[in-house]
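Me: I have some questions about how the labels on this model were assigned. Please set each value against its cut-off and conclude.

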Amino acid sequence: MRTVAVVGASLAGLSAARALRGQGYDGRLVLIGEEAHRPYDRPPLSKEFLSGTVGEAELALETDGEDLRAEWLLGVRATRLDTTSLPGGTVHLSDGRSVRADGVVIATGAAPRTLPGSTGLAGVHTLRALDDARALRDELALGGRLVVIGGGFIGAEVAATASGLGLDVTVVEAAPTPLAGPLGETMGALVSALHTDHGVRLWCGVGVKGLGGEARVDAVLLEDGRSVPADIVVVGVGAGPCVEWLEGSGLRLDDGVVCGPDGRTDLAGVVAVGDCAAWWDPRTGAHRRVEHWTGARERPAAAVAALLTGGAVAPGVPRAPYFWSDQYGVRVQFAGHAAGADSVTVEAGTPEGRDVLAVYRSAGRPVAVLGMNQPRLFTRWRKQLA
């Protein structure tokens, strides 16, 4: 294998590049990134960076003196993958160049979903990239009324950060219970109650009809006829995988690039990692995307091993998904799959104290664990997940 192209230069792409060099690949390595920035850490964007306690230099993912001996093509977008000559393929770029590679690592991530009619309206933000965070940070510094549309973890972190900065904050969530998808209804309600504990209004069970304002947003219009005044709006309604450029490549696409349990696709010399990759999960018997920092850091090593050996090494079972969130001074940690549980019990702490350790079980077997300010117990239970 003489050339490997890694398409995507965020954490998953950087982790893949490191794994390639770490596993002995010494050929040509090309990293392609749509953003002009070198790889940086995204989790602080909704927390420390937004509040001003962390600067851009501290977001850098590359270590001092690190040399991957790579060609960096930044500020350019992949537009097409030609796989007529396998293994690998030819990556066509938005500036007219192309890169022919014997191995291709797809790590193009995901892009935030937007609201119809919100494009071009000042004061409306999504939060995914560094440039998004810069723009939102500048607006939050002016104060005022913030409405966060979507009660997921990114929206919750933005709400918590803005509340700490002194803004008037409202969270609007279409579902009756925020975070019910990843955490289940009972624990979702417990975690989202952190908002009301800190004076943030939480409006649930109502969808958003549209946004008010001409040049700049001034209100969020709800489907039940109510209106929420807003100076700033953050839309946090999830993200979709960036796989449009792969149409016609021969890859299976279904809410991401469909992969085996080690990131291999149906095409020789092509693997996928990170938020755009739907890996087979033997625990649940389904393909699923894992949009978490730990997955982007850990899983590329398995995908690179499969790429370099042609799949000669039997894939292991990927670690259970894990993520964390910091809100209002509370560290929330979760691992596993809540959807497969038939019971959830609080093993330590008290819901009133917001310091619980809860275990999700299926037929008596632990399948997920949630911790709120319980790091030691959480780590112990996480090791027991099936």
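Me: How do you know how many disulfides this predicted model has?
Reply: A disulfide needs two cysteine sulfur atoms within 2.5 Å. By that rule the count is zero in this predicted model. Take C242: the nearest cysteine sulfur, in C276, is 7.8 Å away, and C242 is in no disulfide.

Me: Why is C276 in no bond with the closest cysteine sulfur?
Reply: The closest cysteine sulfur to that of C276 belongs to C259. The separation is 7.6 Å, too far for a bond. The cut-off is 2.5 Å, so the pair does not count as a disulfide.

Me: Why is C276 called buried?
Reply: Buried means under 20% relative accessible area. C276 has 0%, so the label applies.

Me: What makes a space a cavity, and how many are there of 30 Å³ or more?
Reply: A 1.4 Å probe must fit but be unable to get out. The search of the whole structure finds one such space of 30 Å³ or more. The largest cavity holds about 50 Å³.

Me: What makes a residue part of the lining of the largest cavity, and which residues are they?
Reply: A lining residue has an atom within 4 Å of a grid point. V273, G274, A277, W279, V290, G295, A296 and R299 line the largest cavity. β20 (277-281) and α7 (293-309) each supply at least two of them. α7 gives the most, with three residues.

Me: How is the lining of the largest cavity classed?
Reply: Five residues are nonpolar, two polar and one charged. Gly counts as polar and Arg as charged, so G274, G295 and R299 fall outside the nonpolar group.

Me: What does the second largest pocket look like by volume and lining?
Reply: About 200 Å³ of space lies in this pocket. It is lined by 19 residues, with W279, E298, R299, P318 and R319 nearest its centre. α7 supplies the largest share, six residues. By class, 10 are nonpolar, four polar and five charged.

Me: How do you know what span to expect for helix α1 (residues 11-22)?
Reply: Multiply 1.5 Å by one less than the number of residues. α1 has 12 residues, and 16 Å is expected. Its first C-alpha to its last also spans 16 Å, close to that value.

Me: Why is α1 called mostly covered?
Reply: Of its 12 residues, 10 are buried, so each of those 10 is under 20% relative accessible area. Among them are L11, L14, L20 and R21. The buried residues pack against β1 (3-7), β2 (28-33), β3 (71-74), β7 (103-106) and α7.

Me: What follows α1?
Reply: G24 follows, with a positive phi near 100 degrees.

Methods
Residues numbered from 1 in each chain as written. Predicted model: local features only at pLDDT ≥ 70, side-chain atom pairs only at ≥ 80, totals over all residues. Heavy atoms only, no water. Buried < 20%, exposed > 50% of the residue type's maximum accessible area, 1.4 Å probe, protein only. 1 Å grid on protein atoms, 1.4 Å probe; cavity = no way out; pocket = protein on both sides within 12 Å on 5 of 7 lines; lining within 4 Å. Points joined across faces, edges and corners; volume = space filled by probe spheres on them. Helix = DSSP H or I, 4+ residues; strand = E, 2+ residues; numbered from the N terminus. Contact = heavy atoms within 4.5 Å.
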